[in-house]
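Work through the exercises below with the model open. Try each task before reading its solution.

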Amino acid sequence: MNRVFRRYHRQIAIALCLPLFLTMLTGVGYTIVDEWFGQGQLGAFLLSLHTLEIIHLEKIYPLLNGLGLLGLLITGLSMTGLFRKSSDR
């Protein structure tokens, strides 16, 4: 079973690498640009890129990111062995 979760975890991680990197980069960039430097227009652009509103995916992109992260969390935690019975270890 652990091998199956490793395979799923690896596949999900590869598929989410670019979207999560974009989300992280634009989220941090927005905070720095808008909140620290008061650049509202650039902040608005980064926010539209953050949710992919710029290509009209703002309704589905955050959901897909969230589901992908949930999948990574579940497969990652299952591989730690925290939830196994002590006789299975």
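**Exercise 1.** Which side chain of opposite charge is nearest to Asp34, and how far away is Lys59 or its like?

*Solution.* Start with the cover: Asp34 is buried, meaning under 20% relative accessible area with a 1.4 Å probe, protein chains only. Next, look for a partner. Asp34 has no salt bridge, that is, no side-chain nitrogen of Lys or Arg within 4 Å of its carboxyl oxygens. The nearest opposite charge is Lys59, 23 Å away.

The model is predicted: local features need pLDDT of at least 70, side-chain atom pairs need 80 or more, and totals for chains, interfaces and linings use all residues. Numbering runs from 1 along each chain as its sequence is written, and side-chain values use heavy atoms, without hydrogens or water.

**Exercise 2.** Place Asp34 and list what it touches.

*Solution.* Asp34 sits in helix α1, residues 2-36; helices are DSSP runs of H or I, at least four residues, and strands are E runs of at least two, numbered from the N terminus. Leave out residues up to four places away in sequence: Asp34 then touches Gln39, Gly40 and Gly43. Contact means heavy atoms within 4.5 Å.

**Exercise 3.** Describe the fold and its spread.

*Solution.* Count elements: three helices, zero strands. Their order is α-α-α. The radius of gyration is 18 Å, well over the 12 Å from the globule rule for 89 residues, so the protein is more spread out than a compact globule. The radius uses C-alpha atoms; the rule is 2.2 Å times the number of residues to the power 0.38. The C-alpha box is roughly 60 × 25 × 20 Å along the principal axes.

Note on methods: Buried < 20%, exposed > 50% of the residue type's maximum accessible area, 1.4 Å probe, protein only. Lys, Arg positive; Asp, Glu negative; His and termini not counted.
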